[in-house]
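Here is a briefing on one chain, arranged by topic for quick reading at the bench. Please keep the sequence and the structure in view as you go.

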Amino acid sequence: MVLRGIVLHWFKNYLDNRTQFVVVNGVPSNTLLIRNGVPQGSILGPLLFLVYIKDINNAVPGEKLKLFADDTNLFVQGPDICHASDHTNLLLSKLHSWFVANKLTLSLPKTCYTVFGKSRNDTCVLKLTDYKLQQVDHCKYLGLYLDKNLDWTVHIDYIYIKRS
């Protein structure tokens, strides 16, 4: 997509020359120019973010990459845990390159994985650069808690506690 003319001018006017500052204990900081991003909470923010990340699937063509708002999920399967792990590490490397090229970062402490299936007792190490990702027994995906046993115990317990 190429923007020109009035549309380009409108976007530049909307995004250029924005500043920010913080107030700590009633004392404001100096004002700084914002070089990247869109105004948080703006109506156009989500749309512009989607336009910005539109080509993320090109980083891992043909793979099961699922996006919802700013959450990115990758689903990988293989004949055994070793193959799936090796393939996942390759895909993570490609995604990392895409993020770097697009001046985006992942929150590594919030990035984790779950191994579903019979061979989950085998060792699996997933890394993003040199950071070893945390393996968890369950994860939240689109509001549902999915656990490694593929039963609903964790999700049902969450709903039960939430409604108590």
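In the hairpin of β11 and β12, Leu142 takes a positive phi near 50°. Two residues lie between the strands of this hairpin. The model is a predicted one, and the mean pLDDT of the chain is 88.

**The β11–β12 hairpin**

- β11 and β12 run antiparallel and pair over four bridges.
- Opposite His138 stands Asp147 of β12.
- β12 has two faces: Tyr145 and Asp147 are on the covered one, while Leu144 and Leu146 are on the uncovered one.
- Why do the residues of β12 fall into a covered and an uncovered set? In a regular strand, side chains alternate between the two faces of the sheet.

**His155 and helix α4**

- His155 belongs to helix α4, which spans residues 153–163.
- Is His155 buried or exposed? His155 counts as buried because its relative accessibility is 12%, and buried means under 20%.
- Beyond its neighbours within four places in sequence, His155 is in contact with Gly143, Leu144 and Tyr145.
- Two of these contacts, Leu144 and Tyr145, also appear on the faces of β12: Leu144 on the uncovered face and Tyr145 on the covered face.

**The salt bridge**

- How many salt bridges does the structure hold? It holds one.
- The partners are Asp137 and Lys148, with their closest N and O atoms 3.3 Å apart.
- The pair links distant parts of the chain, with the two positions 11 residues apart in numbering terms: Asp137 sits in the loop between β10 (134–135) and β11 (138–141), and Lys148 sits in the loop between β12 (144–147) and α4.
- Asp137 is partly exposed, with a relative accessible area of 46%.
- Lys148 is also partly exposed, at 29%.

**The β5–β6 hairpin**

- Strand β5 covers residues 64–68 and strand β6 covers residues 71–75.
- The two strands run antiparallel and are joined by five bridges.
- Leu65 has Leu74 of β6 as its bridge partner.
- β5 and β6 form a hairpin with two residues between them.
- Ala69, in the turn of that hairpin, has a positive phi of about 55°.

**Helix α3: Ser85 and His96**

- Helix α3 runs over residues 81–101 and contains His96. Ser85 is in helix α3 too.
- Ser85 counts as buried because its relative accessibility is 7%, and the cut-off for buried is under 20%.
- Setting aside residues up to four places away in sequence, Ser85 touches Cys124, Val125 and Leu126.
- His96 is partly exposed, with a relative accessible area of 30%.
- Leaving aside neighbours within four places in sequence, His96 is in contact with Leu128 and Thr129.
- How far apart are the C-alpha atoms of His96 and Asp16? They are separated by 28 Å, and the two residues are 80 residues apart along the chain.

**Positive phi in two loops**

- Asn25 is not a glycine, yet it has a positive phi of about 55°.
- Asn25 is placed in the loop between β2 (23–24) and β3.
- Asn25 counts as exposed, at 77% relative accessibility.
- Lys103 is not a glycine either, and its phi is positive at about 55°.
- Lys103 is placed in the loop between α3 and β7 (112–113).
- Lys103 is exposed, with a relative accessible area of 66%.

**A nonpolar surface patch**

- Which residues make the nonpolar surface patch of about 210 Å²? Leu3, Val7 and Leu8 make it.
- Leu3 is found in the segment before α1 (5–15).
- Leu3 is partly exposed, with a relative accessible area of 33%. Leu3 can therefore join a patch, since patch residues need over 30% relative accessible area.

**Confidence**

- In the chain, 96% of residues reach a pLDDT of 70 or more.
- Where is confidence lowest in the chain? It is lowest in helix α2 (residues 45–52), at a mean of 85.
- Confidence is highest in strand β3 (residues 27–28), at 96.

Conventions
Residues are numbered from 1 along each chain as its sequence is written. Side-chain values use heavy atoms; hydrogens and water are left out. Patches are made of residues with over 30% relative accessible area and no salt bridge: like charges are joined within 9 Å, nonpolar side chains (Val, Leu, Ile, Met, Phe, Trp, Tyr) within 5 Å. Accessible areas come from the Shrake-Rupley method with a 1.4 Å probe; for residues, only the protein chains shown count as cover. A salt bridge is a side-chain nitrogen of Lys or Arg within 4 Å of a carboxyl oxygen of Asp or Glu. Buried means under 20% relative accessible area, exposed over 50%, partly exposed in between (1.4 Å probe, protein chains only). Two strands pair if DSSP finds at least two bridges between them. Contact means heavy atoms within 4.5 Å. pLDDT is the predictor's confidence in each residue, from 0 to 100.
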